[in-house]
Amino acid sequence: MDPRVRASREDAGQLLDPEFVEVGGSGRRWTCEEMLAELADHAGSSADGPRYEPSEISGVLLAPGLVHLTFETMLGERRTRHSSIWRKGDQAAGWRMYYHQATRVPPGVD
């Protein structure tokens, strides 16, 4: 969520699995290449703009080398719930996000 990482195709690429897929809060489906091509232009990717504020982070080990992570973020006034699956590659690759789903939370919803 660091704007410097989001703005860098190289840095973000080290965190996304080559088979990465996201279903964004808008409903759009993203591949790894699509996300890397456009991430620097998304909200939260500018050092002088709004920044993602994460909360309620929780992880569950699904299997060796596979973790399900859930969390919420605030970006300005927009609240979003996230679910992601991270898998561990070889030692050089480390942990990478394999799947991500984001759902916007309407005002007044707990």
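Helices and strands are here DSSP runs, of at least four residues (H or I) for a helix and at least two (E) for a strand, numbered from the N terminus. The model is predicted, and the tour below moves from the whole chain to single residues.

**The whole chain**

Display the chain as a cartoon and follow it from the N terminus: the order of elements is α-α-β-β-α-β-β-β-β. In total, the chain holds three helices and six strands. Its radius of gyration is 14 Å, close to the 13 Å given by the globule rule for 110 residues, so the chain is as compact as a globular protein of that length. Reduced to its C-alpha trace, the chain spans about 40 × 30 × 20 Å along its principal axes.

Next, switch on the surface. The accessible surface of the chain amounts to about 6,900 Å², and carbon and sulfur atoms contribute 53% of it. Of the 110 residues, 29% count as buried. Among contacts in the chain with a separation of 6 or more, 39% are between residues 24 or more positions apart.

**Strands 3 and 4**

Select residues 53-63, which form strand 3, together with residues 66-75, which form strand 4; the two run antiparallel and are joined by eight bridges. One pairing to display is that of Glu53, whose bridge partner in strand 4 is Met74. Then move to the turn: the two strands form a hairpin with two residues between them, and Gly65 in this turn has a positive phi of about 80°.

Return to strand 3 and select Glu56, which has its place there. Glu56 is not a glycine, yet it has a positive phi of about 50°. Is its side of the strand buried or exposed? Glu56 has a relative accessibility of 60%, and because exposed means over 50%, Glu56 counts as exposed.

**Arg79 in strand 5**

Select residues 78-88, strand 5, and within this strand pick Arg79. Leaving aside neighbours within four places in sequence, Arg79 is in contact with Glu72, Thr73 and Met74, with Thr103, Arg104 and Val105, and with Val109 and Asp110. Met74 is also the bridge partner of Glu53. For Thr103, draw a distance between C-alpha atoms: Arg79 and Thr103 are 24 residues apart along the chain, and the separation is 8.7 Å.

**Arg28 and Trp30**

Finally, show the side chains of Arg28 and Trp30. Arg28 lies over the face of Trp30, at 3.6 Å from the ring centre. As for pairs between aromatic rings, a search of the whole structure finds zero.

Definitions and conventions: Residues numbered from 1 in each chain as written. Predicted model: local features only at pLDDT ≥ 70, side-chain atom pairs only at ≥ 80, totals over all residues. Heavy atoms only, no water. Pairing = 2+ DSSP bridges. Phe/Tyr/Trp six-rings, centres within 6.5 Å; stacked < 30°, edge-to-face > 60°. Lys NZ or Arg CZ within 6 Å of the ring centre and 35° of its normal. Rg over C-alpha atoms; globule rule 2.2 N^0.38 Å. Buried < 20%, exposed > 50% of the residue type's maximum accessible area, 1.4 Å probe, protein only. Contact = heavy atoms within 4.5 Å. Areas by Shrake-Rupley, 256 points an atom, 1.4 Å probe, with all protein chains shown as cover.
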